[in-house]
Amino acid sequence: MFSTNDPSVFGEELVSDQRNFAFFSRFMVHQRFRRVRSDGFGLADALYASAFAAVRSRGAKIMLLNCTPALSPYYERFGFVRYKPAYC
């Protein structure tokens, strides 16, 4: 699914230590807890922010996320970028 040992994608410095990477996949929030607050964020947003802060505090520099192409725009609003085509 993720290839974190390719220096042409991530650079020599990052691939030399796999602790630079964190993986996030199959995260779900039940629909009754997906309500969005008045500021535009909901429970799922808070959980993602917390997860990101946790992996950064442990030294990860890149957080990789696996999702369907339909969810990509949701994650891109948090700063995630597509690093390879879907389903390769």
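Reader: Which residues make up the largest nonpolar core of the protein?

Author: The model discussed here is predicted. In soluble globular proteins, nonpolar side chains tend to be buried together. In this structure, the largest nonpolar core has 11 residues in all: Ala22, Phe24, Val29, Ala44, Tyr48, Ala51, Ala60, Met63, Leu65, Tyr75 and Phe80. Strand 1 (21–25), helix 3 and strand 2 are the elements that give two or more residues to this core. Helix 3 provides the largest share, three residues.

Reader: What does the second, separate core include?

Author: That second core has five residues, and Phe10, Leu14, Val15 and Leu64 are included in it.

Reader: Which residues does Phe24 touch, not counting those up to four places away in sequence?

Author: Phe24, a member of the largest core, touches Tyr48, Ala51, Met63, Leu64, Leu65 and Asn66 once those sequence neighbours are set aside. Of these partners, Leu64 is included in the second core.

Reader: How should the overall order of the elements be read, and how many helices and strands does the protein have?

Author: The protein has four helices and two strands. Read from the N terminus on, the elements follow the order α-α-β-α-β-α.

Reader: What share of the residues of the protein counts as buried?

Author: Of the 88 residues, 24% count as buried. The protein exposes about 6,600 Å², and carbon and sulfur atoms supply 57% of that area. As for contacts with a separation of 6 or more, 55% are accounted for by residues 24 or more positions apart.

Reader: How much space lies in the second largest pocket?

Author: Rolling a probe the size of a water molecule over the atoms shows where empty space is left. In this structure, the second largest pocket holds about 440 Å³ of space. Its lining consists of 19 residues, and Phe27, Met28, Tyr48, Leu71 and Tyr75 lie nearest the centre of the pocket. Two of these names, Tyr48 and Tyr75, also appear in the largest nonpolar core.

Reader: Which elements supply at least two residues of that lining, and how do the lining residues divide by type?

Author: Helix 3 (43–57), strand 2 (62–66) and helix 4 each supply at least two residues of the lining of the second largest pocket. The largest share, three residues, comes from helix 3. By type, the lining comprises 11 nonpolar, four polar and four charged residues.

Reader: Is Ser72, in helix 4, buried or exposed?

Author: Ser72 belongs to helix 4 (residues 72–76). Ser72 counts as buried because its relative accessibility is 9%, and the cut-off for buried is under 20%. Apart from neighbours within four places in sequence, Ser72 is in contact with Cys67 and Arg82.

Reader: Where is Arg82 found, and is Arg82 buried or exposed?

Author: Arg82 is found in the segment after helix 4. Arg82 has a relative accessibility of 53% and therefore counts as exposed, the cut-off being over 50%. Not counting residues up to four places away in sequence, Arg82 touches Ser72, Pro73 and Glu76. The contact between Arg82 and Ser72 thus joins an exposed residue to a buried one. The C-alpha atoms of Arg82 and Leu65 are separated by 9.3 Å, with the two residues 17 apart along the chain.

Reader: What is the relative accessible area of Phe33, and where is Phe33 found?

Author: Phe33 is found in the loop between strand 1 and helix 3. Phe33 is partly exposed, with a relative accessible area of 43%. The C-alpha atoms of Phe33 and Leu43 are separated by 6.6 Å, although these residues are 10 apart along the chain.

Methods: Residues numbered from 1 in each chain as written. Predicted model: local features only at pLDDT ≥ 70, side-chain atom pairs only at ≥ 80, totals over all residues. Heavy atoms only, no water. Buried < 20%, exposed > 50% of the residue type's maximum accessible area, 1.4 Å probe, protein only. Contact = heavy atoms within 4.5 Å. 1 Å grid on protein atoms, 1.4 Å probe; cavity = no way out; pocket = protein on both sides within 12 Å on 5 of 7 lines; lining within 4 Å. Points joined across faces, edges and corners; volume = space filled by probe spheres on them. Nonpolar A, V, L, I, M, F, W, Y, C, P; charged D, E, K, R; others polar. Areas by Shrake-Rupley, 256 points an atom, 1.4 Å probe, with all protein chains shown as cover. Core = buried A, V, L, I, M, F, W, Y, C linked by side-chain atoms within 4.5 Å.
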